[in-house]
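Subject: The structure for you to look at

Hi,

Here is the structure I promised to pass on. Please open it beside this email and follow along as you read.

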Amino acid sequence: MPKEAARKVQTDIDVKRKAVKLVIVHLKRKIPKEFLGSDHVYSWITGIEKLLEKRDFSVIEIIEMRKGLNDVIERTLDEE
């Protein structure tokens, strides 16, 4: 039981932060540099990484950033 006592209790925010970080890692691996909208996606990634560095970010900010990513995806698909 001592091992379980030392475990950190994850909050909802911790889980969401980890999930967003996984999405960022996946995007960085999958988006080729020569992709038409890659500059927009990398700009979004920079913004979300800055947001995640803050200790007191809110879920509302993550939702707004996600909407921003959806806009980037829509604009990129429209350009093609």
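Let's start with the largest pocket: 14 residues line it, and those nearest its centre are Lys 16, Val 20, Val 23, Ile 62 and Arg 66. Please keep in mind that this is a predicted model. The space inside the largest pocket comes to about 220 Å³. Three elements each give two or more residues to its lining, namely α2, α3 (38-53) and α4 (59-79). Which of them gives the most? That is α4, with six residues. Sorted by class, the lining has twelve nonpolar residues and two charged ones, with no polar residues.

Now for the whole chain. The protein chain has four helices and zero strands, so from the N terminus on you can read its elements as α-α-α-α. Of its 80 residues, 22% count as buried. If you take the contacts between residues at least 6 apart in sequence, 52% of them join residues at least 24 apart.

Next, have a look at helix α2, which covers residues 12-30. Its 19 residues should span 27 Å at 1.5 Å a residue, and the C-alpha atoms at its ends are indeed 27 Å apart, so the two values agree. Which residues of α2 are buried? They are Arg 17, Val 20, Ile 24 and Leu 27. Looking down the axis of α2, you will find these buried residues within an arc of 85°, so they line one face of the helix. The face turned away from that buried side carries Leu 22, Arg 29 and Lys 30, which are exposed. Val 20 is worth finding twice: it is buried in α2, and Val 20 is also one of the residues nearest the centre of the largest pocket.

Helix α3 can be read in the same way. It has 16 residues and reaches 22 Å from its first C-alpha to its last, close to the 22 Å expected at 1.5 Å a residue. The buried residues in α3 are Ser 38, Val 41, Trp 44, Ile 45, Ile 48, Leu 51 and Leu 52. Around the axis they cover an arc of only 140°, which puts them on the same side of α3. On the other side of α3 you will see Lys 50 and Glu 53, and these are exposed.

Finally, here are two residues to click on.

Ser 38 is found in helix α3. Is it buried or exposed? Ser 38 has a relative accessible area of 7%, so it counts as buried, the cut-off being under 20%. Setting aside its neighbours within four places in sequence, Ser 38 is in contact with Ile 31, Pro 32 and Lys 33.

Val 72 is found in helix α4. Its relative accessible area is 5%, so Val 72 is buried as well, by that cut-off of under 20%. Which residues does Val 72 touch, once its neighbours within four places in sequence are left aside? It is in contact with His 40 and Val 41, and Val 41 is one of the buried residues of α3. Try Asp 39 too: Val 72 and Asp 39 are 33 residues apart in sequence, and their C-alpha atoms are 9.9 Å apart in space.

Enjoy exploring!

Best wishes

Definitions and conventions:
Residues are numbered from 1 along each chain as its sequence is written. This is a predicted model: local features need pLDDT of at least 70, side-chain atom pairs count only at pLDDT 80 or more; totals for chains, interfaces and linings use all residues. Side-chain values use heavy atoms; hydrogens and water are left out. The expected span of a helix is 1.5 Å times one less than its number of residues. Buried means under 20% relative accessible area, exposed over 50%, partly exposed in between (1.4 Å probe, protein chains only). The arc is that of the directions from the helix axis to the C-beta atoms. On a 1 Å grid over the protein atoms alone, a cavity is a set of points where a 1.4 Å probe fits but cannot get out, and a pocket is an open set with protein on both sides within 12 Å along at least five of seven lines; lining residues have an atom within 4 Å of a point. Grid points are joined across faces, edges and corners, and a volume is the space filled by probe spheres set on the points. Ala, Val, Leu, Ile, Met, Phe, Trp, Tyr, Cys and Pro count as nonpolar, Asp, Glu, Lys and Arg as charged, and the others, Gly among them, as polar. Contact means heavy atoms within 4.5 Å.
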